[in-house]
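Subject: Handing over a structure

Dear colleague,

I am passing a structure on to you, and I would be grateful if you could look it over before reading my notes beneath it.

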Amino acid sequence: MNAISTENPSIIDPVKLDRLAETAIKVGLRLEPGQDLLLTAPSAALPLVRKIAEHAYKAGAGLVMPFFSDEEITLARYRFAPDASFDRAANWLYDGMAKAFSANTARLAIVGDNPMLLSEQDPAKVSRANKSNSMAYQPALEKIAGFDINWNIIAWPGAAWAQQVFPNDTPDNAVRKLADAIFAASRVDRDDPVAAWASHNAELHTKTAWLNGQRFSALHFSGPGTDLTVGLADGHEWHGGASTAKNGITCNPNIPTEEVFTTPHAHRVEGRVSSTKPLSYNGTLIDDISVRFEAGRIVEAKASRGEDVLKKVLETDEGASRLGEVALVPHSSPISKSGLLFFNTLFDENAACHIALGQCYAKCFLDGAKLTPDQIAAQGGNKSLIHIDWMIGSDKVDIDGVKPDGTRVPVFRKGEWA
Ligand code: ZN
Ligand code: ZN
């Protein structure tokens, strides 16, 4: 049940909301004149979507096309739909999206739904619906994961989400606080967010340039419950901040972002790792994850909460129990310093070092744009229907870079760049 249904957008600072919309278009997407824009958003985010459309058309957008989801409509399916509904998905919609991306349409996603929306629903139905949706989404996801076009994700302070992050506040105060946290993390609390993003991008590029120069063959993580060697894919490349899509547009796919990340080798991950923050996955909270890898594959998985869902996720396909991303984030990142658990990957992944199960990013290879899927797989890139980030970093975790000859270089000490 979702008891908190009041949405009162008037309590959200209109100036910062407008800056967020402008930042999404000018920094997140760098939308080019004549480009169409495909937008997905929670229905409650309509005030932000309208601002985005304004800025998109001012930037010369050809056509802005929004698609809305709605928490109550999603729940109605679980309450009233026939059983067979849970093996269905909107293939026709995702095929259309894939077609739009092939025609150079930019993609903007707004997140903000209740992270616990489906926590009371039948886990079998949730997993069937997730799987059907992932399969149907594949043609569109390939173009996003393959970075064919400029894309961007930003957040809207949904009422139920806000209540989850600030459980002791009144609904209005919770929304106000979450809005402020989103604005600060997205750097739109500054007078000139576009300039703030330019200098942030430059800082992240210093880190990726150093890591790319080191040519590590593996990273070794050690900390409480963690002794993990993550082999890196052959010809891997580190990315962070703004990067250039195959259509030639340099965009910032995530707002906020604090991470630098690359592709692990799908068959060269060994050892044990424990999560350092709960993972909110499609309405379920998975907590205290502990897994063991052998030859890149998870062979043992435990969680104090949501273990059933975790195990179902790992069974999605062959690549679901292997890694597709490893990312470094200092413990002193602004999002980590806020001390908040957002129950949302876009934010929580920028508070700590993390790994992701599933699909790798093709762009995280030298000359990635020219590699075929077979070449990517041969170099160690993982393939899966899923991509799920979870946090393994904290102020107690050290990371060494391991060179091909076995030499070790300190990369992180107590959660900070060494
Ligand atoms: Zn990441
Ligand atoms: Zn990720």
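The notes below take up the metal sites, then a cavity, then a few single residues.

This is a predicted model, in which local features need pLDDT of at least 70 and side-chain atom pairs count only at pLDDT 80 or more, while totals for chains, interfaces and linings use all residues. Residues are numbered from 1 along each chain as its sequence is written, chains are lettered from A and ligands numbered from 1 in the order in which they are written, and side-chain values use heavy atoms, with hydrogens and water left out.

I begin with the metals. The zinc ion (ligand 1) is coordinated at 2.0 to 2.4 Å by Glu259 (OE), Glu325 (OE), Glu349 (OE) and His354 (NE2), where donors are N, O and S atoms within 2.8 Å of the metal (3.2 Å for Na, K and Ca), and sites may look incomplete because water is not among the atoms. Along the sequence, the donor residues of the zinc ion (ligand 1) follow the spacing E-x65-E-x23-E-x4-H. The arrangement is irregular because the four donor atoms around the zinc ion (ligand 1) subtend angles of 77 to 152 degrees; four donors count as tetrahedral if all angles lie between 85 and 135 degrees, four count as square planar and six as octahedral if opposite donors are over 155 degrees apart and all others between 65 and 115, and anything else is irregular. Of these donor residues, Glu349 is buried, with a relative accessible area of 4%, and His354 is buried as well, at 0% (buried means under 20% relative accessible area, exposed over 50%, and partly exposed in between, with a 1.4 Å probe and protein chains only).

The zinc ion (ligand 2) is held by Glu325 (OE), His387 (NE2) and two OD atoms of Asp389, at 2.0 to 2.6 Å, and its site is irregular too, with angles of 55 to 145 degrees among the four donor atoms. Here the donor residues are spaced E-x61-H-x1-D in sequence. His387 is partly exposed, with a relative accessible area of 26%, whereas Asp389 is buried at 7%. Glu325 bridges the zinc ion (ligand 2) and the zinc ion (ligand 1), which lie 3.4 Å apart.

As for empty space, the structure holds one cavity of 30 Å³ or more, a cavity being a set of points, on a 1 Å grid over the protein atoms alone, where a 1.4 Å probe fits but cannot get out, with lining residues having an atom within 4 Å of a point. The largest cavity has a volume of about 40 Å³, and among the residues that line it are Val329, His331, Cys353 and Phe412.

Finally, some single residues. Thr263 lies in the loop between strand E10 (260-262) and strand E11 (264-274), strands (E, at least two residues) and helices (H or I, at least four) being DSSP runs numbered from the N terminus, and Thr263 counts as buried at 1% relative accessibility. Leaving aside neighbours within four places in sequence, Thr263 is in contact with residues including Leu232, His236 and Gly324, contact meaning heavy atoms within 4.5 Å. Leu341, in the loop between helix H10 (334-337) and helix H11 (345-348), is partly exposed, with a relative accessible area of 22%.

With best wishes

Methods: 1 Å grid on protein atoms, 1.4 Å probe; cavity = no way out; pocket = protein on both sides within 12 Å on 5 of 7 lines; lining within 4 Å. Points joined across faces, edges and corners; volume = space filled by probe spheres on them.
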